[in-house]
Amino acid sequence: MTHPREPRLLPWSGPEGKPCYLITDDDGGPVSRLADTTEATQLGMGAELLAHAHDLLPRAPHGELRYLAERLTEALADALRVAESRGRRLNGLN
């Protein structure tokens with residue numbers, strides 16, 4: 001007996017900002033490949049943004065904007081770490 005797979009949360013939103021899910025048994029299907037490419041692009045852009053923010057922040061004027069930017073930078077670093085960790089765990093299951 002086969003068990004249904006968990007729906008995949010896709011890296012884009014649907015109408016009205018609602019999450020999109022993919023229900024399939026085919027990891028290599030066109031929507032799965034598009035989602036993989038989109039996720040890789042998003043993570044790459046996040047890493048580039050993080051590096052840019054680290055370079056920019058030491059020269060930024062003091063104040064609330066700098067504080068917010070520093071916190072956003074920390075949050076993005078945490079999110080990238082979680083995504084990388086989950087990806088590695090998923091690769092270990094295959």
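**Chat on a predicted two-helix, two-strand chain**

Student: How much of the chain counts as buried?
Tutor: Of its 94 residues, 17% count as buried. Keep in mind that this is a predicted model.

Student: What is the mean pLDDT, then?
Tutor: The chain averages 80, and 86% of its residues reach 70 or more.

Student: Which element has the lowest mean pLDDT, and which the highest?
Tutor: Helix α2 has the lowest, at 78, and strand β2 the highest, at 86. As a general caution, where pLDDT is low the predicted coordinates should not be read in detail.

Student: Back up a bit. In what order do the elements run?
Tutor: Starting at the N terminus, the order is β-β-α-α. That makes two strands and two helices.

Student: How do β1 and β2 run, and how many bridges join them?
Tutor: They run antiparallel, and three bridges join β1, residues 8-13, to β2. One pairing links L9 to Y21 in β2.

Student: What about the hairpin between them?
Tutor: Five residues separate the two strands, and E16 takes a positive phi near 65° in this hairpin.

Student: Which side chains of β2 are buried?
Tutor: C20 and L22, which point to one face of the strand. P19 and Y21 point to the other face and are not buried. Y21, then, is the bridge partner of L9 and sits on the face that is not buried.

Student: New topic: pockets. What is the volume of the second largest one?
Tutor: About 220 Å³.

Student: What lines it, and which residues lie nearest its centre?
Tutor: The lining has 14 residues, and A53, L56, L57, A69 and T73 lie nearest the centre. The elements that give two or more residues to this lining are α1 (30-56) and α2 (64-93). The largest share, six residues, comes from α2.

Student: How do the lining residues divide into nonpolar, polar and charged?
Tutor: There are 11 nonpolar residues, two polar and one charged.

Student: T73 was in that central group. Where does it lie?
Tutor: T73 is in helix α2.

Student: Why call it buried?
Tutor: Because the relative accessible area of T73 is 8%, and the cut-off for buried is under 20%.

Student: What is T73 in contact with, leaving aside neighbours within four places in sequence?
Tutor: L50, A53, H54 and L57. Two of these, A53 and L57, are also among the residues nearest the pocket centre.

Student: Last one: what share of the contacts with a separation of 6 or more is between residues 24 or more positions apart?
Tutor: Such pairs account for 36% of those contacts in the chain.

Notes:
Residues are numbered from 1 along each chain as its sequence is written. Side-chain values use heavy atoms; hydrogens and water are left out. On a 1 Å grid over the protein atoms alone, a cavity is a set of points where a 1.4 Å probe fits but cannot get out, and a pocket is an open set with protein on both sides within 12 Å along at least five of seven lines; lining residues have an atom within 4 Å of a point. Grid points are joined across faces, edges and corners, and a volume is the space filled by probe spheres set on the points. Helices (H or I, at least four residues) and strands (E, at least two) are DSSP runs, numbered from the N terminus. Ala, Val, Leu, Ile, Met, Phe, Trp, Tyr, Cys and Pro count as nonpolar, Asp, Glu, Lys and Arg as charged, and the others, Gly among them, as polar. Buried means under 20% relative accessible area, exposed over 50%, partly exposed in between (1.4 Å probe, protein chains only). Contact means heavy atoms within 4.5 Å. Two strands pair if DSSP finds at least two bridges between them. pLDDT is the predictor's confidence in each residue, from 0 to 100.
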